[in-house]
Structure formats: structure tokens, C-alpha cells
Amino acid sequence: MPDDVSDDVACFAYINPLTATLMVDRFCGPGVREVVVTAAGSAIGRHLAELLTARGITPVGIVRGTSGRGVADASRWRAVIATNEPGWRERLRAAVGPRGADVTFDCVGGAVGGDAFALTAGDGAFVHYGLLSGTPLPAACFAGGGGARVELFRLRDTVQKDGGRHLPALFAPVFDNLRRGRLHTAVGPRIGLGELADHLKGPTTGRRPGKILIDPQR
């Protein structure tokens with residue numbers, strides 16, 4: 001970890017920023033224009049939008065429509081579609097066009113993932129990297145028959161493939177983006193290690209928004 005990256009930034013530099021960086025580099029090469037991101041209001045959804053707009057790609061986001069939550073910066077999205085609203089599939093189809101998305105980044109799975117898969121171009125990539133719904137993708141997504149190819153992305157497969165010797169090279173673009181003010185994660189409550197159990201048992205309402213930062217020095 002470079003000395004010029006603060007602890008508050010460094011502690012969130014690994015999973016989401018590295019995953020987003022690797023996926024965009026791997027799947028969004030020249031020619032990719034139409035991109036869909038599920039769970040667009042999540043931290044990694046924000047990271048994907050930042051990296052995509054830096055490449056001149058304005059993605060379409062899918063969110064649950066939970067009250068009080070949405071995308072952090074609407075200007076980075078061509079459209080944000082809530083799945084709790086009637087007709088959302090038709091709006092998604094209109095947003096990506098008749099050909100479908102070149103790339104879909106999905107960390108939801110289940111029915112929403114299946115619907116997003118159906119609107120991914122036949123020669124496109126459906127990148128599945130999480131399962132927030134707790135429900136697997138429909139079996140039809142893996143049946144072939146002219147649909148998009150499913151790419152199962154797991155960060156650990158990349159990180160552990162050579163014992164970590166390539167990690168400095170993998171992290172270099174992440175650190176560069178962090179220095180530029182990109183890929184940051186909002187820090188919410190800062191909790192000492194001894195306070196953590198009580199904090200997790202306490203009420204969630206009224207808390208400072210953002211990720212919990214566990215500070216062993218407190």
C-alpha cells in the first residue's frame with residue numbers, strides 16, 4: 001500500500017475497486033458501447049460507472065428502488081431503472097436498444113439477473129460476479145442457443161493464480177485512480193474494535209451513511 005494513500009481510503013481499496021477495474025479492463029474493450037449494471041446504487045456500481053464514463057461509455061443502471069437510496073451521481077448514467085416499478089423491463093429494452101447490451105455486469109442473479117441476461121446481445125458478455133438476491137441465475141442463462149455468453153468472475157481466481165506475485169501490477173491502476181479521487185468508498189461510522197459487537201447490535205436508523213470502518217487504534 002503506497003504511503004501517500006490514506007488509511008481511510010486504503011482500507012477499501014481491495015475488493016470493490018480492484019474487481020471493478022479488472023472487469024472493465026477485461027470486458028469493455030474497443031467497440032463496447034452499451035453496458036448495463038445491476039445493483040447500480042451499490043459501491044461497486046458507482047465504481048463501474050466511474051470507470052466506464054472515463055472510457056466514454058455511459059451505462060444503464062438497474063436498482064431495486066428502495067426508498068431513500070439511489071445512484072450517487074446520476075450524470076454518470078444514461079438511465080437508471082427501478083425494478084419495483086411497472087414496465088421496468090420495457091424501459092430497459094428501450095434504453096439498450098433492439099440489439100441489446102454489449103456487456104452486462106450482474107451481481108444480483110435471480111429473476112432480475114435473468115431479465116438482464118435476456119436483454120444482453122447474443123454476441124455480448126453477461127458478467128456474473130455476485131448473488132445479492134440469494135437466488136441463482138435461471139438455468140436458461142447457461143443453455144446456449146444463441147444467447148449471450150455467461151462469464152463468471154471471481155476476484156480470488158485472479159488474485160491467487162500465481163501466489164500474489166502479480167499483485168503490484170494489478171493494484172497500480174487502482175492506486176492511480178484513488179489518487180485522482182476516483183473509486184472512493186464513503187466511510188460511515190468509525191468504530192473501535194472493542195465497540196464493534198455493541199455497534200452491530202444497536203439500531204441502524206440515524207447512523208452516518210457509509211461503510212463501517214473498524215479502527216483497532218481506538
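The expected span of a helix is taken here as 1.5 Å times one less than its number of residues, and with that in mind I would like to begin with helix H3 of this predicted model. Helix H3, residues 43-54, has twelve residues and reaches 17 Å from its first C-alpha to its last, which is close to the 16 Å expected.

As for its surroundings, nine of the twelve residues of H3 are buried, so the helix is largely enclosed by the rest of the structure. Those buried residues are Ala43, Ile44, Gly45, His47, Leu48, Ala49, Glu50, Leu51 and Leu52, and what covers them includes H2, strand S1 (35-38), strand S4 (101-106), H7 and strand S8 (211-215). Just after H3 comes glycine 56, with a positive phi of about 85°.

Let me turn to the aromatic rings, where a search of the whole structure finds three pairs. Tyrosine 14 and phenylalanine 171 form a tilted pair, at 6.0 Å centre to centre and with 45° between the planes. Because tyrosine 14 sits in the loop between helix H1 (7-10) and helix H2 (15-27), while phenylalanine 171 belongs to helix H7 (residues 167-179), this pair ties together parts that are 157 residues apart in sequence. Tyrosine 14 counts as partly exposed, at 36% relative accessibility, whereas phenylalanine 171, at 13%, counts as buried.

The rings of phenylalanine 117 and phenylalanine 126 have centres 5.5 Å apart and planes at 80°, so that pair is edge-to-face, and both of these residues, phenylalanine 117 and phenylalanine 126, are buried. Finally, to return to tyrosine 14, ring pairs link Tyr14, Phe171 and Phe175 into a cluster.

Definitions and conventions: Residues numbered from 1 in each chain as written. Predicted model: local features only at pLDDT ≥ 70, side-chain atom pairs only at ≥ 80, totals over all residues. Heavy atoms only, no water. Phe/Tyr/Trp six-rings, centres within 6.5 Å; stacked < 30°, edge-to-face > 60°. Helix = DSSP H or I, 4+ residues; strand = E, 2+ residues; numbered from the N terminus. Buried < 20%, exposed > 50% of the residue type's maximum accessible area, 1.4 Å probe, protein only. Contact = heavy atoms within 4.5 Å.
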